[in-house]
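Let's take a walk through this protein together, looking at the links its side chains make with one another. Keep the 3D view open as you read.

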Amino acid sequence: GMFHMKNKKGKPRCFKTIKHPEKLWDEVEDHLKSAQWYSQSYGDYVLVEAVNQSIDLTIEAIGRERFELALDKYKEMKKLVDKECASTAVFPCDKDGNPQVEESKKSCYSGDQGCGYPCIDVLFADKNSTMI
């Protein structure tokens, strides 16, 4: 994939993202298992646990069945958006890594966020839609 970034002179440049390797280097794996890493990241682990508990309690308060129905509806809508709108989104960088910032401004909210929203707006414009 590509992403958009401006250099110091303000000219848009595209940089290729690097796919995460299947296996981490042994040194990295060792560091991520170390007491030092755990102690430096402890706050993050506590936060993740608190968020998970909050989500679980929210689902319990809503009701598991109601939550599952809403989640299924969301997944169905996402599938429809992917099918109908993915090919219409214009990102700040094209597939070859060339900037297309002006073109993407009509497709994205800001930078590379929300690209494809005009198609999604049209797709769900009908308030009487059975999808919503």
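Which side chain meets that of Arg64 in a salt bridge? It's the side chain of Glu68, with an N to O distance of 3.2 Å. Before we go on, bear in mind that you're looking at a predicted model. Now, why do the two partners sit where they do along the chain? Arg64 and Glu68 are four residues apart in helix α3, so about one helical turn separates them. Glu68 counts as partly exposed, because its relative accessibility is 31%. As for the general idea, side chains of opposite charge can pair when their charged atoms come close.

Stay with helix α3 for a moment. Lys78 forms a salt bridge with Asp82, and here the closest N and O atoms are 3.1 Å apart. The spacing will look familiar: Lys78 and Asp82 are four residues apart in helix α3, which means about one helical turn lies between them. Are these two buried or partly exposed? Lys78 is partly exposed, with a relative accessible area of 40%, and Asp82 is partly exposed too, at 41%.

Now let's look for salt bridges elsewhere. Searching the whole structure turns up seven of them. One is made by the side chains of Asp96 and Lys95, at 3.7 Å from N to O. A salt bridge needs the nitrogen within 4 Å of the carboxyl oxygen, so this pair makes the cut. Both partners are exposed: Asp96 has a relative accessible area of 57%, while Lys95 has 74%. There's also a little group to find: Lys23, Asp26 and Glu29 are linked in a network of salt bridges.

Time to switch to another kind of link, the disulfide. How many disulfides does the structure hold? There are three. Start with Cys14 and Cys93, whose sulfur atoms are 2.0 Å apart. The angle about their S-S bond is -100°, and the link is left-handed. Find the two ends on the model: Cys14 lies in strand β2 (residues 12-16) and Cys93 in the loop between α3 (64-85) and α4 (101-104), so this disulfide ties together parts that are 79 residues apart in sequence. Cys14 counts as buried because its relative accessibility is 16%, and the cut-off for buried is under 20%. Cys93 counts as buried as well, at 8%.

Next up is the pair Cys85 and Cys119, with sulfur atoms 2.1 Å apart. Its S-S torsion is about -75°, so this disulfide is left-handed. Cys85 brings us back to helix α3, whereas Cys119 lies in helix α5 (residues 117-123), so the pair ties together parts 34 residues apart in sequence. With a relative accessibility of 3%, Cys85 counts as buried.

That leaves Cys108 and Cys115, joined by a disulfide with an S to S distance of 1.9 Å. What handedness does this one have? Its torsion about the S-S bond is about 100°, so the disulfide is right-handed. Both Cys108 and Cys115 are buried.

To finish, try putting the pairs in order. If you number the bonded cysteines along the sequence, the pairing reads 1-3, 2-6, 4-5. Trace each pair on the model, and you'll have a picture of how the three disulfides are arranged.

How values were computed:
Residues numbered from 1 in each chain as written. Predicted model: local features only at pLDDT ≥ 70, side-chain atom pairs only at ≥ 80, totals over all residues. Heavy atoms only, no water. Disulfide = S-S within 2.5 Å. Buried < 20%, exposed > 50% of the residue type's maximum accessible area, 1.4 Å probe, protein only.
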